[in-house]
Amino acid sequence: MMIAAKEYLKKNRFPLLLIIGFILFYLLTRIIHPTVSIFAFKEQYPLISSFLLFIIILIPLLWLVLSNEWKSIGTYRKILILGISIAALCINYSFQSGTYGVVAFAVCTLIFLYKERKVYKPEVIHYLFVAYFLFHLISLLWAKDVGAGLKRLEVYIPFIVIPLLFCFFKLQKKEIENILFIFYRGTIILVFISLCCWLFQSVFYDVPLAEWLTLKKKIVAYFGKETYVYHIIFAWSNYPHPTYNSLGYLFGMSIAFYLYTANKGKITTLELSLSVVLSLLLVITTQSRTGLLNWMVLVFVGIAWLLKDKKKTLTIYCIAGLLGAVLFSIFFSDKIYGFIYDPIRAQNFDTAFEYIKSNTLLGTGIGGMNEIMNSHEFARSLGYGQANINLANPHNQFVGDLMETGMFGLILVCIIVVYMFYISIKQRNWPLFIFQICFFQLMLIEMPLYLSKGIFYYVFLSCLLLQYKGKTQMLNRFSSHQNTNST
């Protein structure tokens with residue numbers, strides 16, 4: 001009995017530390033009332049807060065460098081894997097942090113290329129990403145403001161750079177699993193600290209915890225001015241967007257489902273359960289409607305994955321789940337509509353479709369969508385009082401592409417999405433498939449490929465996960481001697 005208990009504690013050290021840490025933090029905030037908010041601390045000590053955030057982002061690397069596999073890897077391959085892991089961790093935070101991560105990834109990849117001198121054949125998706133960039137470049141020909149279009153074009157450069165970097169190395173399945181494990185641990189730490197921030201801020205602002213547990217679209221804060229709750233909970237991370245944050249930690253939760261069976265012992269039952277519960281708690285406290293829907297879909301798919309070897313049980317589970325979803329949609333359609341309806345997005349849709357009616361083939365051209373979406377005159381012509389300034393896209397990837405680059409842009413983004421689902425199913429690449437589900441849901445309520453963070457996220461993780469089951473063919477191997485002769 002004693003040996004079994006010790007073995008259980010050893011395997012579950014991480015989730016038990018999270019549970020104990022959360023309880024102790026809760027008790028501490030009740031005993032010692034905070035005298036300064038997180039916002040004030042960041043303003044008073046910007047360097048210290050930035051350093052602490054940097055440390056938090058990189059903490060999961062400890063599981064990488066202390067693992068048994070790490071000792072047997074060559075120095076240059078360690079540099080490569082570190083660069084990829086840093087990029088994977090950083091993209092869960094602010095755009096600035098994500099940029100640092102991508103720069104680290106690029107530097108480490110080029111160092112590895114200098115040592116190995118191998119170039120691999122590009123994947124089909126690499127060509128599609130480049131085509132997506134090139135078509136935005138071509139759309140400058142009919143853009144109203146070429147200067148604004150050129151400025152916007154900078155955002156799309158990762159569609160060329162990141163696929164190119166992924167042609168300079170080939171990762172083994174085990175290496176990608178380790179990187180995914182690091183990514184997952186990074187997301188659960190993000191969730192844990194955000195929930196601790198929730199406890200801390202609730203005491204500081206004297207708001208009962210129960211008042212935060214609501215799924216209303218927004219809360220008028222109690223802090224002297226109107227403040228969205230997610231700004232307070234994510235105050236520590238420098239990136240308060242609840243939808244993009246939920247994309248990261250819910251995909252991390254899905255990775256936990258996968259590693260639970262694919263890599264025995266890596267994720268325990270307690271840790272998987274804790275990841276599911278904490279993710280749900282953060283989704284609710286940040287009032288993320290999209291996050292809640294994604295959580296339900298991903299947990300349903302995750303449990304289906306766990307039942308994959310029990311065909312009859314899986315069939316019954318899927319039928320029951322789908323039937324339950326249909327019945328729920330029928331009997332609670334009014335409440336569902338009220339839950340998901342957003343007047344701002346409705347106006348953005350009206351604006352986009354009104355413009356699309358007369359410009360379906362080519363759209364605004366790159367950089368032109370912003371002008372239409374921010375036009376008060378255009379908004380008034382549709383019966384609205386004013387435009388939603390600074391919300392310069394329709395918050396739907398497919399509608400946005402149709403508006404900005406016309407039918408050709410819409411067809412291209414649809415090809416990218418369909419191809420990624422097809423190749424993930426063909427290869428039986430579950431991590432890639434689940435990531436496409438996560439991002440597709442985001443595409444329906446946001447326009448992630450219009451923003452630098454969304455582009456980094458999608459292109460980087462798609463290219464990484466495509467190597468998990470894909471067979472990459474070496475295109476060329478060159479040497480310094482060959483380079484000298486060629487010059």
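## A walk through the chain, starting at Ile84

Leave aside the neighbours within four places in sequence, and Ile84 is in contact with Phe105, Phe169, Leu171, Ile179, Phe460 and Leu464. Keep in mind as you look around that this is a predicted model.

Ile84 makes a good entry point, since Ile84 belongs to the largest nonpolar core, a set of 142 residues. Together with Tyr156, Phe159, Phe251, Phe439, Leu449 and Phe460, Ile84 is among the residues that touch the most other members of that core. Phe460 therefore turns up twice, as a contact of Ile84 and as another of those well-connected core members. As for secondary structure, the biggest contribution to this core comes from helix H12, residues 173-204, with 18 residues.

Now zoom out. The chain is built from 26 helices and two strands. Its radius of gyration is 24 Å, and the globule rule gives 23 Å for 487 residues, so the chain is as compact as a globular protein of that length. Measured out along the principal axes, the C-alpha trace spans about 75 × 70 × 60 Å.Buried residues make up 52% of the 487 in the chain. Among contacts with a separation of 6 or more, 78% join residues that are 24 or more positions apart. On the outside, the chain exposes about 23,600 Å², with carbon and sulfur atoms supplying 68% of that area. As for charge, there are 41 positive and 23 negative side chains, and the centres of the two sets lie 13 Å apart.

Back to helix H12, which is where you'll find Leu190. With a relative accessible area of 4%, below the 20% cut-off, Leu190 is buried. Skip the residues up to four places away in sequence, and Leu190 touches Asn92, Tyr93, Phe234, Trp236 and Tyr249. Take Trp236 from that list: Leu190 and Trp236 are 46 residues apart along the chain, and their C-alpha atoms are separated by 9.9 Å.

Next stop, a loop. Ser288 sits between helix H16 (269-285) and helix H17 (289-306). Is this loop residue buried or exposed? Ser288 counts as buried, at 3% relative accessibility. Again not counting residues up to four places away in sequence, Ser288 touches Pro242, Ser246 and Val283. The pairing with Ser246 spans 42 residues of sequence, while the two C-alpha atoms are 8.0 Å apart in space.

Met373 is another buried residue, at 3% relative accessibility. You'll find Met373 in helix H21, which covers residues 369-373. Thr351 lies 22 residues from Met373 in sequence, and the C-alpha to C-alpha distance between the two is 6.7 Å.

For a look at the outside, try Leu47 in helix H4, residues 46-58. Leu47 counts as exposed because its relative accessibility is 74%, over the 50% cut-off. You can also set Leu47 against Phe460, one of the core residues from the start of the walk. Leu47 and Phe460 are 413 residues apart along the chain, and 29 Å separates their C-alpha atoms. As a general point, nonpolar side chains in soluble globular proteins tend to be buried together.

Finally, the backbone has a couple of spots to check. Arg117 is not a glycine, yet its phi is positive, about 55°. Arg117 lies in the loop between helix H8 (95-116) and strand S1 (118-120). Arg428 shows a positive phi too, near 55°, again in a residue other than glycine. Its loop connects helix H23 (397-426) and helix H24 (430-445).

How buried or exposed are these two arginines? Arg117 counts as buried, at 17% relative accessibility, whereas Arg428 counts as exposed, at 71%.

Notes
Residues numbered from 1 in each chain as written. Predicted model: local features only at pLDDT ≥ 70, side-chain atom pairs only at ≥ 80, totals over all residues. Heavy atoms only, no water. Helix = DSSP H or I, 4+ residues; strand = E, 2+ residues; numbered from the N terminus. Rg over C-alpha atoms; globule rule 2.2 N^0.38 Å. Buried < 20%, exposed > 50% of the residue type's maximum accessible area, 1.4 Å probe, protein only. Contact = heavy atoms within 4.5 Å. Areas by Shrake-Rupley, 256 points an atom, 1.4 Å probe, with all protein chains shown as cover. Lys, Arg positive; Asp, Glu negative; His and termini not counted. Charge placed at Lys NZ, Arg CZ, Asp CG, Glu CD. Core = buried A, V, L, I, M, F, W, Y, C linked by side-chain atoms within 4.5 Å.
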